[in-house]
Amino acid sequence: MAKTKENIEISKKILRITGSTNAKLKLIGEGDRILLGLSGGKDSILLATLLARLKQYAPFDFEFKALTVDYGRGGEYEYIFEYCEKLGIPYELYRTDIYKILEENKREGTIYCSFCSRMRRGALYSKALEGGFNKIALAHHLDDAAESFMMNLSYNGALRSMPPIYKAENGLYVIRPLIFVRERQIIDFIAKNNIYIAPDCNCPIMWQGDDKRPYARAKTKQMLQEIESLNPDFFTSLKVALGNVHLKSLFDERYLDK
């Protein structure tokens, strides 16, 4: 196990995966100023810890700051302040009116996850541009990418997932340093270090009735678990497949020989 400040241990496997990801894709480099979206959940807590360790030991210099977007209904944030202080991570809690806007614009029978996601990302973009950052770091992992791919395939008729890095229209780069890490490895990191995570999700959808919550992702997660139980190498194969696209073998007319 490799240790960062305050004896937080990160497994050698996670360090190897994220290290090779950064070396290959150059997500973080000399002079970068990175704003980390820190929800306080297990994924972003691991990413914050990794960035703090990278800041200590990387052969290049970069800056990063953690930001939590508050939706406007309050929440449990003290443990995030304490964790960031313990690891020496610059941290800001950003108060917004996202929940109020959602309530004012919601439509009967609709799920507003995508609307909320756009506003949350917009808040991150605004703070990043305001603070002179050039990159935003998000804590999506391989299970998230797999779920996104299968949901797009099953419900949206698109072959689409989560790229490790992309450039937004406003010029900011969005990076996902954990994109090849499995969710179970993150759960193990939290458990082994006995890190407190708030029991209630701060996502606004959790404040709605059961009939308003999206079940497509939960069903997709269950489906992927069933597939992996039949084929233990499924996630490894999917990871390779997402980087091995044969466009001319599909139906998109833009890539057909005509």
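Buried residues account for 43% of the 258 residues in the chain, and the model from which this share is computed is a predicted one. The chain is built from nine helices and eight strands. Among contacts between residues at least 6 apart in sequence, 72% join residues that are at least 24 apart.

**The sheet**

- Six strands form an open sheet in the order 5-4-3-6-8-7, and the pairing within this sheet is mixed.
- The edges of the sheet are taken by strand 5, which spans 91–95, and by strand 7, which spans 165–167, each of them pairing on one side only.
- On average, and with direction ignored, neighbouring strands of this sheet are turned by 25° against each other.
- Inside the sheet order, strand 6 (residues 135–137) pairs with strand 8 (residues 173–175) in the parallel sense, and this pairing runs over three bridges.
- Within that pair of strands, Ile136 has Val174 of strand 8 as its bridge partner.
- Helix 3, made of residues 78–87, packs on the sheet, where it touches strand 4 (63–70) as well as strand 5, and the direction of helix 3 makes about 155° with that of strand 5.
- That angle concerns strand 5, which is one of the two edge strands of the sheet.

**The pair formed by helix 1 and helix 2**

- Helix 1 (residues 12–25) packs against helix 2 (residues 42–57) at an angle of about 75°, and the axes of the two helices lie 12 Å apart.
- Because angles from 65 to 115 degrees count as roughly perpendicular, helix 1 and helix 2 are described as roughly perpendicular to each other.
- On the side of helix 1 the contact is made by Ile14, Leu15 and Thr18, while helix 2 contributes Leu46, Leu50 and Arg53.
- Sorted by class, the residues in this contact of helix 1 with helix 2 are four nonpolar, one polar and one charged.

**The two sides of helix 4**

- Which residues of helix 4 (residues 98–105) are buried? The buried residues of this helix are Ile98, Tyr99 and Leu102.
- These three residues lie on the same side of helix 4, because the arc that they cover around the axis is only 95°.
- Lys100 and Glu104, by contrast, are exposed, and they are found on the other side of helix 4.
- Helix 4 thus has Ile98, Tyr99 and Leu102 as its buried residues, with Lys100 and Glu104 exposed on the other side.

Definitions and conventions. Residues numbered from 1 in each chain as written. Predicted model: local features only at pLDDT ≥ 70, side-chain atom pairs only at ≥ 80, totals over all residues. Heavy atoms only, no water. Pairing = 2+ DSSP bridges. Helix = DSSP H or I, 4+ residues; strand = E, 2+ residues; numbered from the N terminus. Axes fitted to C-alpha atoms, helices over the stretch in contact; angles between N-to-C directions. Contact = heavy atoms within 4.5 Å. Buried < 20%, exposed > 50% of the residue type's maximum accessible area, 1.4 Å probe, protein only. Arc of directions from axis to C-beta. Parallel < 35°, antiparallel > 145°, perpendicular 65-115°, else oblique. Nonpolar A, V, L, I, M, F, W, Y, C, P; charged D, E, K, R; others polar.
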